[in-house]
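Trainee: I would be grateful for a close look at one helix of this protein and at what surrounds it. Could you take me through that part in detail?

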Amino acid sequence: MGQGLGFTCDDQKFMRVALDMAKTAERRQEVPVGCVIVHQNEIIGKGFNQPILTQDPTAHAEIVALRDAGNNLKNYRLAGAKMYVTLEPCIMCVGAIFHSRIIEVIYGARDEKFGGFGSILSLHTHKRMNHHAQVKSGLLAEESSTLLKQFFQSKRL
């Protein structure tokens, strides 16, 4: 899974945008997770966690970004696109990623409770799935993890 290895300057740039989206979520009292979707080196979709704001349990950053990208491309298939997300996608989001035909997912922090790309399950390696995305982890993981830890610590005070 390329634990922090093999990232380009563009990868860093796009993950920084995802981190900005996570900070937007935090300012709105949502769990700070952000996501961007890139096609041909341009951002076509952005999202941040917003299930509380929208009263929608599916409003994870990845789902919001997928919807935005689909609307912008006028197509639910996002073949050739990459996703940058600050936290490892959950199983629900992995399913949506596969259905959208995202070609690569790059995430920051691992999610030891719900992660579907290596922490709990490794759905991207399941041979019976008809679509597989390349997955890399660890890009700006410390920043992503610190943002999450600080958020949850502030909730416990």
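**Helix H1 and its surroundings**

Mentor: In this predicted model, the buried residues of helix H1 are Asp11, Phe14, Met15, Ala18, Leu19, Met21, Ala22, Thr24 and Ala25. An α-helix has 3.6 residues a turn, so residues three or four places apart point the same way. The cover over the buried residues of H1 includes strands E1, E2 (42–48), E3 and E4, together with helix H5 (141–156).

The helix itself runs over residues 9–27, which is 19 residues. From the first C-alpha to the last, H1 reaches 27 Å, close to the 27 Å expected at 1.5 Å a residue. At the N-terminal end, Thr8 acts as a cap, with a side-chain oxygen 3.3 Å from the backbone nitrogen of Asp10. Just after the helix, Gln29 adopts a positive phi of about 65 degrees.

The wider setting concerns the nonpolar cores. The largest has 27 residues, and those touching the most other members are Ile37, Leu66, Met83, Ile97, Ile102, Val105 and Phe117. Two or more residues each come from E1 (34–39), H3 (61–73), E3 (82–87), H4 (91–100) and E4 (104–109). Helix H3 gives the most, with 5 residues. Leaving aside residues up to four places away in sequence, Leu66 touches Ile37, Leu78, Met83, Ala96, Ile97, Ser100 and Ile102. Apart from this core lies another, of 16 residues, and Phe14 is among its members, as are Phe48, Tyr84 and Leu147.

Terms used:
Residues numbered from 1 in each chain as written. Predicted model: local features only at pLDDT ≥ 70, side-chain atom pairs only at ≥ 80, totals over all residues. Heavy atoms only, no water. Core = buried A, V, L, I, M, F, W, Y, C linked by side-chain atoms within 4.5 Å. Buried < 20%, exposed > 50% of the residue type's maximum accessible area, 1.4 Å probe, protein only. Helix = DSSP H or I, 4+ residues; strand = E, 2+ residues; numbered from the N terminus. Contact = heavy atoms within 4.5 Å. Expected span 1.5 Å × (residues − 1). Polar contact = N/O pair within 3.5 Å; in protein donor to acceptor, adjacent residues only side chain to side chain.
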